[in-house]
Every structure is written in C-alpha cells, then in structure tokens.
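Thanks for coming. I will take a few minutes on one structure and how its two chains meet.

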Protein chains: 2
Amino acid sequence: MNTFARSSYISIKDIAKAAGVSHATVSRALQSSSLVKPETAQRIREIAQRFGYRPNFVGRSLATQRTQTIGVVVNAIADPIVAEMVSGVEAVARAHDYSVYLANCHADPETEMRVVQSFHERRVDGILVAASRVGALYEPIAAQMRTPIILINNQHPSSYKYSVNINSIPGSREAVGHLVALGHRDIAYIGDRFGYQTDLDRFSGYRQALELAGIAAREEWIVHGDGKLEGGTLAMRKLLDLPALPSAVFCYNDMTAIGALRVIHEHSLRVPQDISLAGFDDLFLASYTEPPLTTVRQPKHEMGRMATEILLRILAGEDSDARTEVKGELIVRASTAPPRA
Amino acid sequence: MNTFARSSYISIKDIAKAAGVSHATVSRALQSSSLVKPETAQRIREIAQRFGYRPNFVGRSLATQRTQTIGVVVNAIADPIVAEMVSGVEAVARAHDYSVYLANCHADPETEMRVVQSFHERRVDGILVAASRVGALYEPIAAQMRTPIILINNQHPSSYKYSVNINSIPGSREAVGHLVALGHRDIAYIGDRFGYQTDLDRFSGYRQALELAGIAAREEWIVHGDGKLEGGTLAMRKLLDLPALPSAVFCYNDMTAIGALRVIHEHSLRVPQDISLAGFDDLFLASYTEPPLTTVRQPKHEMGRMATEILLRILAGEDSDARTEVKGELIVRASTAPPRA
DNA sequence: CTCGATCTTGCAAACGTGTTCATAAAAAAT
DNA sequence: ATTTTTTATGAACACGTTTGCAAGATCGAG
C-alpha cells in the first residue's frame, strides 16, 4: 500500500462544522451567492482557505447534472493536423472552464462509437469528433443521449446538423488552377484511398480546374497513396514509371507531397524545374521542405476553436443549425513554376 | 432552448422498478456480483439492455471515490514529441478503461500548477506531467492532494520520486562520439536556451565526448537556438559567419537540426560533404529530410506508455519508487560522413 | 410595540451509484 | 422435524454538492 490510498478529503461539511454553520450555507458562500450575509461569507471563505478546501467536481456534477467536460475523439493523436485541431479545442475549452477528454479511435467506426458511448457514460456535456466515419448516423444517437455532438471534417457522405468542415473543392480547384495558369497542361493527382469524402472533394476540385481550362483528365495520371508520406512515395514512383510524365502533380495533402518530393529527388529530377508540386493542408513543415511547398492552407487550429464555440453555444441553449464551412487559402511557394518549354 | 436540455436519464432505479427488485440488486447484477442469483441477474441485465441503460460514471465515481481518469498536462499539444507521448499514454489508459484529460500549460509553471489543481478538483486518479517546470516541488502537493503525480522528462533540476526521463547524456555522447570516430575534430553544438535540464544534459554528453577524444571545446562553436526550427536557422547562421567553420554540428534536437540544414543549403554547402549534421529525438521527419538525418532516437510513445503503467501500478497499491530512465539510441543516417581532407 | 417586509440561515431532498448490515428464504445437516 | 448453514434480497446510509422551501432573525414603518 502506498500513500495515495483514498481516504476522506476535507469536504464542505468539515468547514461547515468549523464555521458553525450548515453545509448549505458554505456551499452558497463559496459560490458568492447573494443569499448569504457578506460577513459570514467572508468568514467561511477564510476558513475554507485555511483548511485548503477544494471543491469536489464529482459531487457538484452529480448535483448540477453538468460535468464541464467535453470529449474529443480523433483518428490519431500524433497526426499533426489533428494535434493542431485539438490544440484549438483545448484553448477555448479551458478559457470557458471546460476540461477535455481525448481519445483515439484509429479511424475505426466501431471504436469511434464505443468511445462516444464511453464519453456519454461519463456524462460529458458535449462531444467533438474529428474526421468521423459515422457522420449523420449520430443524429438519433445524440438525441437519445441528450448530448450534442459536433463533427469536424465529417468523413461520412452525409450532411450533419452540427459540423465544421473544410470545403476542399474551391481550394484544390484554385491550386490546380494556379498550375494551369503557370502553363501546365499535364497535371497528375495523387489521392488518398483512405480519404473518403475529403479525397472525393479534392479530386473534384482538380477535375473542375481541368475542365475549366478545357483539359481532358488522363486516367493514368490519377493515382492514390494513403495520405501519409509512404503512400506519396509509392504513388509518385508509379507516376515516374509511366511513359509520359506529367509536368505537375497535385497531391491530396502535404504528407503525400513530401513523399512525392522525395521520390522526385531520388530520380534526379528537380522541383519545380522538371516537375511542379502542390499539396494541401499547409503543415508546419510545408514551408521548410526543399523547395518550400505550394499548398492550400487548412485552418486547423481555427477549426478546432470554431467547433468548440459552436458546442458551447449549444450548451448555452441556442439552437441554430451550424453547418459551418471554411475554405482553404492557396499559399504559393517555390515548388511550383512554369513548365519547361 | 434546444433539444439537449438536461432532463432525467434512466437510472438504476428505473430498471429496479421495472424488474421488481431493489436498486441494490440491480447494482449488484450489473457488476456481476456473486451475491445475486444468476437468473435474476440475467433478467435484470436483459431489462437494462432493453431500456438502453448506461451506467452513470459520475454517480459511480462519487460512490467509489475513483474516477477512472488520469490527467495529462503538456507544454504544447501540437509539438510532435508531445503528441507521440500522449498517444502512448492514451493507448494504455484506454486499455485499462481509464479516460484521459488533456491540458496545455504553454511551458508556464504557474499555469502548470493551476491545471494540476483543476485536475485535482475533478478528482482524477492520477496526473502525468510532461516536461514539468515544477519537478520535485510536487512532492508535498501530491501528498496533500493524495493524488500520484508522474513526471515525464522533468525539466526542473530536481529528482522526483516518480518519473520517466530520458538520460540524454549517453545518447549525445554517443552521437558526438560517432562524429569523432568519423574523423571530425571541429564539432559545434547548437543548444536550446529554453531547454533547461535537457539542454544541460545534451551539452554534457557533447563535452564528455570531446574530452574523451582529447579535443578542447571552442567557445564560439557553442551557440543556442530555441529548440524550434527558426532557432536552428538563426544559430546556424551565426556559426556560418564565423571565420573558422566547424566540420560537424551536433544539434539539441531534430527541429534545430532541420533549421540548420536549411541554412547550410542556403549557403550552397552540402551535407554531409561539407558539414556533417546530427540531431536528437528522431522525429518522424528526420528520416525524410534531404539527406536523412543522423539522430538519437527518443522513445516517445514508449515513455508515455511507461509513465502510465507506473501510474496504474501505484493506483493498484504498489509503492516502489520509480525513477525510470530510458536511453536514446543512435540512428546513423546520411547526414554524417568523414570530413573533407 | 406590532406587523409586515426583507435578509439570512438551516433542513431536507435530490443527483446515481456502491456497500454494509440485517433478515428472509432456501438448502443442508442433524 | 428441527436446527444450522448458505444464499438472496432489501433497507439504509454513504459519497459531496446544489437548491427549493420554510423558519427564524432583523429591520423599518406605523
């Protein structure tokens, strides 16, 4: 046995006894209710201070039916995009005296729902799910649990009542449009076969930009990675093995682009002289690759903040639908240039 | 008002009424206590199932004085090392049915302690602090709170009872030794002026390796960044402005090294032909820089896991001191080579 | 001095669960 | 058939807080 065995903490009753009042009065005094005489309140607060009293949130939660806690479920904590989002969530949560539970679901829908259930059992006030694979299927569940669920970048092909999504279409259209404007006509796309809705959208933007320029898409220039660096390398290898090389490559995300960049260098080709390269997300890293990467900035931190603010608003009793959409901003760096003549 | 207004959930009492037993029996049935007749238990479980009953952890926590929750406080959620550690923590926590609170303290000791307090008020069963600026000062606090605190990479110059630290000295000594073995004698160090204990240790290892080789350290080749990429660039510029250039640079961490790498390239120098470069941490990125970075691997995920396991052991009643130390492993990649003749 | 109005306070119930203790019922032993 | 033992159950309290209600205290006006 060690020294951390639970034994009685000092509670509101202890200081009630010490102050010679009822514990109800102590409770009121500590929340500076106007129902208690100022001097008594002061005296009680001093005693509480002296005793080192700290309120017990568990008891309070049981009484108030509120835990001041929100649960966040993500696919992979260590993913830089996710980490940024969570950082945004945590910032506004703490600013409003909420704590945040963090849990991983490894992109598995069943685990995702199990985690949501576990959050519910802990009676979180609200739940945030990033890159949900469950999407609008939550609507009945949230209603039954009486717990609001907000989705960030819903990956299920459904429109959910409360969500913050990045609309990838204009961003990728703009990125590919930028390549077209530079004079490229042979533009490849490296997608993410696990990217679900997001991959579809980015591919959509790619196609729209080509159509707008009257360029026919070429089947063999559409390949897929896994959204991670490795996948980018494999996909880029496939492209470089082709008889006809594209002069530019638009990638599902920065990680994919970084993988592609590496393979391009391995083949002694130069970016952007031989091949232009663009990504999506604007990871911290993107500005530090060789050359710095042209990409579409996804406001990760911001999106975490927005989702949390929506949640807090719902918890405050407002009931506006909140299908918020953000757009990416094209950031032109050194990895894109006109094609060789 | 929206649909998420709190109103009564179904509780153990509801299904007690439905089953025609007391709520005590239901409680027992649901934790499969041997005190209740198997058939009754079965019947109760079925009714609970049908009612969609989910236990309320708040009530349970109040009764058991346990929340099955651990709090994690970190300096910056989005820091890749931190994210990896948290990922390790979450994995073992969830495997043992613990939930984890995550909070940021932005490397500010006061915020750090405030967060610890807030975790205590929520009656977490234990607390993990990564890169604490408070260190052993927690000993009395943890005792008073009756809540175990485990430190990961304690940054306070004090030895704390429960901690998992990386001992940077052998790792950096090995890294610099590797440079020496390659034939380098002019080796610079780029430190982290906010690195506290860790910076001291890595510098120590550097000096020991030099001493071992009978090389005198040169004041002007010891510069400091901020542990981040930007700091690395500034520090490297300072080195490159010197009349006498080092032939190798050992960096406080990979981020610093990546910054340095960038500046070296800007000056049209090559790594490793002109300058060898080594880092510390083995970030995911380190193997994807140009050239891949020689570095010392810090087992981030592992350290998160270990700390959590220690915590769980303490919570199970064991009371062994646990000053665990891990070592880094030198990973030789392409950024180090013999100096030019 | 009395009466109503206004403060201040305590009592008790509530929140949802776990747990101890006593007792009833059933089973086993005599 | 009676006593002892075992098993199953419920009543009651505990956990720490909030809160509606009522009672008591205080005060000012008449």
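How much area do chain B and chain A bury between them? About 6400 Å², with 55% of it on carbon and sulfur atoms. Buried area here is the accessible area, taken with a 1.4 Å probe, that two parts lose on being put together, summed over both.

A note on the source: this is a predicted model, where local features need pLDDT of at least 70 and side-chain atom pairs count only at pLDDT 80 or more, while totals for chains, interfaces and linings use all residues. Residues are numbered from 1 along each chain as its sequence is written, chains are lettered from A in the order in which they are written, and side-chain values use heavy atoms, without hydrogens and water.

Chain B gives 67 residues to the contact and chain A gives 67 residues, contact being heavy atoms within 4.5 Å.

Now the salt bridges (a side-chain nitrogen of Lys or Arg within 4 Å of a carboxyl oxygen of Asp or Glu). There are 2 between chain B and chain A. In one of them, Glu121(A) pairs with Arg54(B) at 2.7 Å, N to O.

Last, the symmetry. A turn of 180° and a shift of 0.1 Å along the axis lay chain B on chain A with an RMSD of 0.1 Å, superposed by least squares on the C-alpha atoms of residues with pLDDT of at least 70 in both. The two copies are therefore related as by a two-fold rotation axis. In chain B, Tyr101(B) has the C-alpha nearest that axis, at 2.2 Å. Both copies use the same surface, as 99% of the contact residues of chain B recur in chain A.
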